[in-house]
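Colleague: Thanks for making time for me today. Could you walk me through this model, one question at a time?

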Amino acid sequence: VWQEHNAENALEALKELQGCKAKVYRNGQLVPDLPAADLVPGDIVEVSVGDKVPADLRVLRLKTTTVRTDEGALTGESETVMKHTEPVGAEARIQDKTNMMFSGTTLSGGGAFG
């Protein structure tokens with residue numbers, strides 16, 4: 001029981017260390033290190049290469065010529081996915097939603113606002 005308790009505490013501590021933070025524009029003001037759990041609809045999130053996407057985001061504007069995300073954890077695909085701002089059809093499968101960045105995926109190239 002004691003060892004199990006210590007393991008649970010260690011996992012909780014690791015989760016806190018690894019907590020996802022977001023660079024957010026809220027009401028026109030920059031909030032540089034907002035915990036992802038505090039994001040609300042209407043927040044504009046800025047993501048750059050190497051960032052973990054803090055929530056599901058629609059790509060609003062590209063900061064660079066191209067933006068690519070690694071969605072292997074979601075789709076099992078080994079190739080990165082090119083993102084853009086153009087709308088996709090309402091019936092599009094999740095892997096075809098190239099105007100969306102998904103929570104927990106990583107930007108492998110470029111930067112965007114969502």
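Colleague: Is Y25 buried, partly exposed or exposed?

Modeller: Happy to help, and please keep in mind that this is a predicted model. The relative accessible area of Y25 is 28%. Buried would need under 20% and exposed over 50%, so Y25 is partly exposed.

Colleague: And F113, is that residue buried or exposed?

Modeller: Here the relative accessible area is 12%. The cut-off for buried is under 20%, so F113 counts as buried.

Colleague: How are the rings of Y25 and F113 arranged, stacked or tilted?

Modeller: Good one to ask, as the structure holds one aromatic pair. The ring centres of Y25 and F113 are 6.2 Å apart, and their planes make an angle of 55 degrees. Stacked needs planes under 30 degrees apart and edge-to-face over 60, so this pair is tilted.

Colleague: How many residues apart are Y25 and F113?

Modeller: Y25 sits in strand β1, residues 21-26. F113 belongs to strand β10, residues 111-113. The pair therefore links distant parts of the chain, and the separation is 88 residues.

Colleague: Which residue in β3 is the bridge partner of Y25?

Modeller: Let's start with the strands: β1 and β3 (residues 44-48) run antiparallel and are joined by three bridges. For Y25, the bridge partner in β3 is I44.

Colleague: Which are the edge strands of the open sheet?

Modeller: Five strands form that sheet, with antiparallel pairing, in the order β2-β1-β3-β10-β5. An edge strand here pairs on one side only. That description fits β2 (29-35) and β5 (61-62).

Colleague: Let's move to T98. Which side chain does the side chain of T98 join in a polar contact?

Modeller: T98 lies in the loop between β7 (81-83) and β8 (100-101). With a relative accessibility of 17%, T98 counts as buried. Leaving out residues up to four places away in sequence, T98 touches V81, M82, K83, H84 and V88. The polar contact of 2.5 Å is with the side chain of H84.

Colleague: Stepping back to the whole protein chain, what percentage of its residues count as buried?

Modeller: The chain has two helices and 10 strands, following the pattern α-β-β-β-β-β-β-α-β-β-β-β along the sequence. About 7500 Å² is exposed, and carbon and sulfur atoms supply 53% of that area. Of the 114 residues, the share that counts as buried is 26%.

Note on methods
Residues are numbered from 1 along each chain as its sequence is written. This is a predicted model: local features need pLDDT of at least 70, side-chain atom pairs count only at pLDDT 80 or more; totals for chains, interfaces and linings use all residues. Side-chain values use heavy atoms; hydrogens and water are left out. Rings of Phe, Tyr and Trp (its six-membered ring) pair if their centres lie within 6.5 Å; planes under 30 degrees apart count as stacked, over 60 as edge-to-face and the rest as tilted. Helices (H or I, at least four residues) and strands (E, at least two) are DSSP runs, numbered from the N terminus. Buried means under 20% relative accessible area, exposed over 50%, partly exposed in between (1.4 Å probe, protein chains only). Two strands pair if DSSP finds at least two bridges between them. A polar contact is a pair of N or O atoms within 3.5 Å; within protein, one must be able to donate a hydrogen and the other to accept it, and residues adjacent in sequence count only if both atoms are side-chain atoms. Contact means heavy atoms within 4.5 Å. Accessible areas come from the Shrake-Rupley method with a 1.4 Å probe; for residues, only the protein chains shown count as cover.
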